[in-house]
Amino acid sequence: MPPGILKRYHWCHHISTRRIHPIHLLPGQYTSTTSPQLLHNVLTASSVSISSSAGFGNASTATLPLNLALQPGLATYSSNLYAGQSAFAALPNKPISNSTSPLSAKSFALSSSVWVAANAGTNRVIFWDSVPDVAQLPASSSGSLALVDIQSLACSPSCSGSGVCSSAGVCQCAPGFNGSSCEACSPGFFGPSCQACPSGCTSCDDGISGSGRCLKPVIANAPSTCNCLNGVCGSNGQCTCNAGFTNTGGGVACSKCSPGFFLTSTGDCQVCQLGCTQCADGTGACTTCKSGFSQDANDKTKCNAPKSVTSTGTVCPDGSFSGGTSCSPCSSTCSTCTAGTSNDCVVCATGRYALNGTCVGTNSDGVCEGSNLIADNNKRQCDSCGSKCTSCKIPNFNAASTINQLQCTACLPGSVLSNGKCIDSCPAGTFVSPQDNFTCIACDSSCGTCAGSPTFCLTCSQNQLAADGKCVSSCPSNTFSSSGSCLGCHPDCATCSGGSFNQCSSCPPDRPVLNNGRCLPTCSRSQFFDTTSSSCQTCDSSCSSCSGAGPSNCLACSSSSQVLRGGTCVSANCQQASSVVPGLGACLSELVVVPASTADTPTPLPTISGLTTPTNTTVRRPLEWWQILLMALGCAFIFLVIVWLFRRRARKQRAKRTAMFASAKALDRTGGWRWRLVRFGEKLFGHTPSRRVVISAPLESESVQLTKLRAAEEARHEEDMVKFIASYRDERPETPAASRYHTHHHRVPADAHSISESSQLSAPSIYSQMTGMPRRAPEPRQPLRKDLPSRFSASTLSSSEYLQAQHAHSSKNPFWK
């Protein structure tokens with residue numbers, strides 16, 4: 001079956017039915033520019049579906065670019081030239097250990113950066129390339145093949161034997177292993193196979209070279225689980241204190257002594273002396289005595305009982321008490337007392353000990369009745385066993401027994417019992433009993449240390465080495481000496497100098513290549529492993545990979561014009577001008593199905609329209625930086641031209657409107673070409689521009705112009721004053737007579753002088769009207785505006801003034817500059 005099949009449905013022009021034409025695609029990348037034109041048309045068609053061979057993905061649509069590549073793994077085919085029934089084996093996610101799988105394929109394909117180890121009889125063969133025909137392999141590599149391992153080359157450094165390299169370049173470890181190369185055991189795992197520590201252990205002797213012995217068993221109801229120091233945690237999370245300790249609340253529970261006990265330097269709570277209700281920690285000196293008792297002057301730890309005296313003054317002896325006028329005997333349980341009941345004892349009788357105000361007996365081990373306290377002959381009281389002891393005894397207890405003979409019989413959870421003492425761990429030469437997990441048992445005399453049993457030695461005496469629990473003179477094979485013990489080598493090594501995977505001295509058959517202290521499964525691609533010299537040797541130059549020396553042991557050819565025939569690389573001689581397909585090791589003509597021919601000459605390859613036509617596509621390349629710069633400059637130039645044209649058009653329209661205005665005002669008279677020539681010379685040589693002369697009425701002299709201005713001003717002033725003064729009179733003065741015309745056609749009031757004189761001489765001023773006195777000073781005049789022409793109408797302007805105005809207006813034109 002081909003690596004990939006691309007099907008396209010199209011309408012045949014010469015028939016009226018729709019036909020299916022499958023196109024077989026080789027591995028590679030296909031884009032919209034892939035030649036020939038026929039393939040381009042198929043790839044870019046809308047109705048395209050893909051049916052992939054095993055190992056080439058599950059894509060059903062052709063999305064360009066189309067990348068047809070074998071997924072990481074091994075694809076096998078039941079016929080040669082990658083035909084027939086196909087199957088695919090992906091990269092495993094855990095190591096293939098001590099197992100083989102028959103490889104009965106006639107051809108197989110390998111993805112890039114993947115190698116396969118197979119057993120061919122007794123030979124171990126490494127395949128790096130696809131094999132189009134298994135029958136063409138060397139004789140030493142053909143026959144019955146069995147798949148042993150499949151790995152990726154993406155990992156650097158390579159994985160250990162307990163890991164497998166993924167296509168992403170990460171070593172995937174077997175359960176219990178860790179490390180970047182899966183070279184070590186995870187915490188809590190031990191041995192070459194990294195098995196879990198025994199159940200019931202919180203820690204064991206773990207690691208690749210570890211023995212797995214339990215170092216710390218699981219502790220039920222440990223004090224630390226409920227913030228307790230000297231007690232046992234119950235199922236309800238409450239701490240039950242050991243004898244002599246109390247839970248005062250707050251902080252660590254069972255860390256203080258109960259009333260009547262004091263804390264010793266060893267951390268134990270011991271009972272105070274008789275008659276003392278409270279004593280100091282450390283020394284035991286009594287700080288509070290019972291009522292009626294007094295502290296002993298010589299021994300501060302004691303409080304003395306008061307003497308019993310009768311009413312007659314008689315002192316009662318020991319064993320009696322005052323009954324009034326006479327002494328009465330104490331209870332049989334008391335040696336001294338203050339009254340007649342057993343609860344009134346000061347000192348208990350022989351064989352009895354004070355406990356909670358009463359006197360109790362003991363058993364043969366000195367344990368007080370009804371408690372787990374121990375009898376103290378010196379204090380004549382029941383005392384505690386110790387901070388770590390939950391129960392204790394004094395063997396063969398009698399009246400002569402002392403408290404230092406006490407032996408613990410049970411300990412708080414987390415402590416171990418050794419020689420009658422509760423301690424944190426067993427001393428050297430002993431081990432924790434696997435039966436009760438708290439009693440320390442002595443090792444055999446041949447062992448320095450042991451575990452599990454007295455005879456399973458971890459270290460040995462007499463300069464011997466412990467190997468697998470036994471004492472030997474030298475370490476066996478596949479082990480190394482460390483601290484008096486023989487530890488196992490890393491599972492990658494046959495022999496070693498240490499426990500690491502890069503301290504190998506020799507290698508096992510499945511990892512035969514020794515390189516810088518590491519045992520590797522393969523040599524490099526162009527090498528083979530020589531079992532005679534136990535080293536990697538270079539293949540023949542005609543081989544890209546091989547199984548042995550010489551040109552007849554090739555597994556793939558290094559030349560693209562050669563193919564493998566019987567383990568030897570020979571010229572391909574591909575037909576129909578085809579060539580060897582890279583990565584497949586076969587001619588393209590061999591992969592094309594051609595109908596059988598009855599003639600002597602072979603049938604040529606089929607002729608298909610568009611098969612040899614190159615793909616004609618337009619490839620749009622990205623613009624270079626200089627092209628982008630030129631485009632930007634061109635756009636800027638076009639913008640500037642548009643702005644210039646707009647402003648030019650605006651100037652023309654403005655000039656046109658100016659010309660129309662000048663024509664309407666008769667201002668467009670020009671001096672002809674002579675005037676323009678004179679004007680050009682003036683501009684060229686920097687002379688003051690000449691002024692045009694407009695022929696009009698004859699100019700008047702300056703005195704005449706001033707007289708006219710003065711007359712016009714006086715007339716205007718007189719008229720304004722008449723109107724102003726008339727507003728204060730009952731009768732309004734008559735308006736001046738009709739105006740008369742001066743020369744040069746300027747209107748001036750005819751009786752201007754008479755109106756002025758009469759208004760100044762006959763008409764009283766405002767001052768005279770208000771004060772009744774004539775005004776001595778001249779009548780004030782209204783101030784004139786600075787802009788004199790605004791005071792007069794257009795009819796009051798003379799011809800010379802009109803010319804001056806025309807000249808001022810024309811000076812704004814650049815032509816007059």
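Are Cys574 and Cys587 buried or exposed? Both Cys574 and Cys587 are buried, and the report returns to this pair below, after an outline of the chain as a whole.

## The chain as a whole

The structure discussed here is a predicted model. Its protein chain is made up of eight helices and 64 strands, and of the 817 residues in this chain, buried residues make up 34%. The area that the protein chain exposes comes to about 48300 Å², of which carbon and sulfur atoms supply 54%.

Among the contacts in the protein chain with a separation of 6 or more, 35% are accounted for by residues 24 or more positions apart.

## Disulfides, with three pairs in detail

The count of disulfides comes to 34, and three of the pairs are described here. One of them joins Cys201 and Cys214, whose sulfur atoms are 1.9 Å apart. The two cysteines are 13 residues apart and link distant parts of the chain, with Cys201 in strand 19 (residues 201-204) and Cys214 in strand 20 (residues 214-217). Because the torsion about the S-S bond of Cys201 and Cys214 is about -135 degrees, this disulfide is left-handed. As for cover, Cys201 has a relative accessibility of 17% and therefore counts as buried, whereas Cys214, at 33% relative accessibility, counts as partly exposed.

A disulfide is also formed by Cys475 and Cys486, with their sulfur atoms 2.0 Å apart. Since Cys475 lies in the loop between strand 48 (470-472) and strand 49 (479-482) and Cys486 lies in strand 50 (residues 485-488), the pair ties together parts that are 11 residues apart in sequence. The torsion about the S-S bond of Cys475 and Cys486 is about -90 degrees, so this disulfide is left-handed. Cys475 counts as partly exposed because its relative accessibility is 23%, while Cys486, at 10% relative accessibility, counts as buried.

The pair named at the opening, Cys574 and Cys587, is joined by a disulfide with an S to S distance of 1.9 Å. Cys574 is found in the loop between strand 60 (568-571) and strand 61 (580-581) and Cys587 in strand 62 (residues 586-587), so that the pair, 13 residues apart, links distant parts of the chain. With a torsion of about -70 degrees about the S-S bond of Cys574 and Cys587, the disulfide is left-handed.

## A buried acidic residue

Asp149 is located in strand 12 (residues 145-152). This residue is buried yet has no salt bridge, and the nearest side chain of opposite charge, that of Arg124, is 5.3 Å away. That distance explains the absence of a salt bridge to Arg124, because a salt bridge requires a side-chain nitrogen of Lys or Arg within 4 Å of a carboxyl oxygen of Asp or Glu.

When neighbours within four places in sequence are left aside, the residues in contact with Asp149 are Ile96, Trp115, Val116 and Ala117.

## A nonpolar patch at the surface

Phe637, Ile638, Val641, Ile642, Trp644 and Leu645 together make a nonpolar surface patch of about 610 Å². One of these residues, Ile642, has its place in helix 3 (residues 625-664), and with a relative accessible area of 51% Ile642 is exposed.

A cysteine, Cys635, is likewise exposed, its relative accessible area being 53%.

Terms used:
Residues numbered from 1 in each chain as written. Predicted model: local features only at pLDDT ≥ 70, side-chain atom pairs only at ≥ 80, totals over all residues. Heavy atoms only, no water. Disulfide = S-S within 2.5 Å. Helix = DSSP H or I, 4+ residues; strand = E, 2+ residues; numbered from the N terminus. Buried < 20%, exposed > 50% of the residue type's maximum accessible area, 1.4 Å probe, protein only. Lys, Arg positive; Asp, Glu negative; His and termini not counted. Contact = heavy atoms within 4.5 Å. Patch = residues over 30% accessible without salt bridge, like charges linked within 9 Å, V, L, I, M, F, W, Y side chains within 5 Å. Areas by Shrake-Rupley, 256 points an atom, 1.4 Å probe, with all protein chains shown as cover.
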